[in-house]
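Student: I'd like a close look at one part of this protein instead of a quick tour of everything. Could you pick one strand, tell me what sits beside it, and then work outwards from there?

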Amino acid sequence: MPIIVPSTTYSPAATSGTYIFTVTRDTIIRQAMLNIGKLDEDEAPSAQSTTDAATVLNMLVKQWQGRGDFAPGLKTWTRRRGYLFLNYNSGRYSVGGGGTGWTNTPLFTATTASAAAAASVIAIPTGTTIVAGYYIGIQLNTGALQWTTVVSVAGTVCTITDALTAAVASGAKVYAYAALGTQPVQIEAAVLRDDTYNDVPLRLLQVRDYDSLPQKANTQNRSDPGAVYYEFQLNTSYLYTDVGASMDVTKYIVLTYMEPIQDFNNALDAPEYPQEWFLALCWGLAKEICPQYNSVWTPLMQDNFTRSLAIAQRKDPEIETRYFQCGED
């Protein structure tokens, strides 16, 4: 009698082939209310409940943004590179709203002809992406950068809003950008970069180190900065160099920093968090709004919150290289 051998062929079920699952502000709000029993499965939050929960959700994500060691992974997806152009007459720089010469998306070019003081046009190469409305910094013969805005660009002729306060040489540096950079929450590293893209690391100072510098406010103390001190303030923060002013404005500072988490403004706004954080956001919001609905926060709910947050916090941890060696003894 023949022996029948079962087939070992495995046919996996079809998968979606997609990796883009996301949630929205209102999805998180509804799920949080379901978690605490505020809603039945066929109910929707009222407009007022949505407004109240959205306020708390924004508070929550702002507290969770990348400060300290709350979640090392936040240091990867909220990390940005910012470019700060130097000042010939000051060692203090506005970083964030209201700043000048601070951007995440700089453009670099140079003048193709000289220009006299009081001129309102400069010559730049054709093909640049500088357009009307851009901020523009022009290297003057005095050694300073003059910042203004672009009125129009036609061929090689760039018309600027404010007339030049000094003459400009052919080949002078021109920097431009469309928008200011975001305000840093925390600066992780800084380098001084020259026009050949060579970097020199800058030391990050604490407030006492900076305050103890003797010549930091003397604008005649012009030199390349060797260290910086960053002070977070509301709306506009400040970065201070260890010199009173910068000697060479063809160099600029590149900051590696963490920016704030974006706000939830609209119903369909997605969170600025990876997918591994979605569950933690739902349970975190549920815990925050539970008291206002007189719901009971159970041990099971707490376990769900703790577990989901712990898993999220381990998303993309920082990896460091360390080694140990024997001492002389």
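Tutor: Sure, let's take strand 15 and begin with a neighbour: strand 1 (residues 79-85) pairs with strand 15 in the antiparallel sense, over 7 bridges. Keep in mind that this is a predicted model. To find one of those bridges yourself, go to arginine 80, whose bridge partner in strand 15 is tyrosine 257. Strand 15 also pairs with strand 10, again in the antiparallel sense and over 7 bridges. Here you can look for leucine 192, which has isoleucine 253 as its bridge partner in strand 15.

Now for strand 15 itself. It runs over residues 252-258, and 7 of its 7 residues are buried. In a regular strand the side chains alternate between the two faces of the sheet. You can follow that here: Tyr252, Val254, Thr256 and Met258 point one way, while Ile253, Leu255 and Tyr257 point the other way, and all are buried.

Stay with Tyr252 for a moment. Ring pairs link it into a cluster with Tyr83, Phe85, Phe108, Tyr135, Trp147, Tyr175 and Tyr177. Counting through the model gives 21 aromatic pairs. Take tyrosine 273 and tryptophan 277: their ring centres are 5.3 Å apart and their planes meet at 45 degrees, so this pair is tilted. Both tyrosine 273 and tryptophan 277 are buried.

Rings can have charged company too. The charged end of arginine 222 sits over the ring of tyrosine 88, 3.9 Å from its centre. In a similar way, arginine 92 lies over the face of tyrosine 238, with 4.1 Å to the ring centre.

Let's go back to strand 10 (186-193) and step off its end. The loop between it and strand 11 (199-201) holds tyrosine 197. This tyrosine has a positive phi of about 65 degrees although it is not a glycine. Is tyrosine 197 buried or exposed? It is exposed, because its relative accessible area is 55%, and the cut-off for exposed is over 50%. Asparagine 235 makes a good companion: it lies in the loop between strand 13 (227-231) and strand 14 (236-241). Its phi is near 70 degrees, again a positive value in a residue other than glycine. Asparagine 235 is exposed as well, with a relative accessible area of 64%.

For a contrast with the strands, try helix 5 (residues 278-289), where you'll find glycine 284. At a relative accessible area of 2%, glycine 284 is buried. Leaving aside residues up to four places away in sequence, it touches Leu60, Trp64 and Phe305. Leu60 and Trp64 are among the buried residues of helix 2. Helix 2 (residues 47-64) has 18 residues and reaches 26 Å from its first C-alpha to its last, close to the 26 Å expected at 1.5 Å a residue.

One last thing to check is the cysteines. A disulfide is a covalent bond between the sulfur atoms of two cysteines. How many disulfides does the count come to? It comes to 0 disulfides. Cysteine 282, for instance, is in none, and the nearest cysteine sulfur, belonging to cysteine 290, is 15 Å away. Cysteine 282 is buried, with a relative accessible area of 8%. Cysteine 158 counts as buried too, at 0% relative accessibility.

Note on methods. Residues numbered from 1 in each chain as written. Predicted model: local features only at pLDDT ≥ 70, side-chain atom pairs only at ≥ 80, totals over all residues. Heavy atoms only, no water. Phe/Tyr/Trp six-rings, centres within 6.5 Å; stacked < 30°, edge-to-face > 60°. Buried < 20%, exposed > 50% of the residue type's maximum accessible area, 1.4 Å probe, protein only. Lys NZ or Arg CZ within 6 Å of the ring centre and 35° of its normal. Helix = DSSP H or I, 4+ residues; strand = E, 2+ residues; numbered from the N terminus. Contact = heavy atoms within 4.5 Å. Expected span 1.5 Å × (residues − 1). Disulfide = S-S within 2.5 Å. Pairing = 2+ DSSP bridges.
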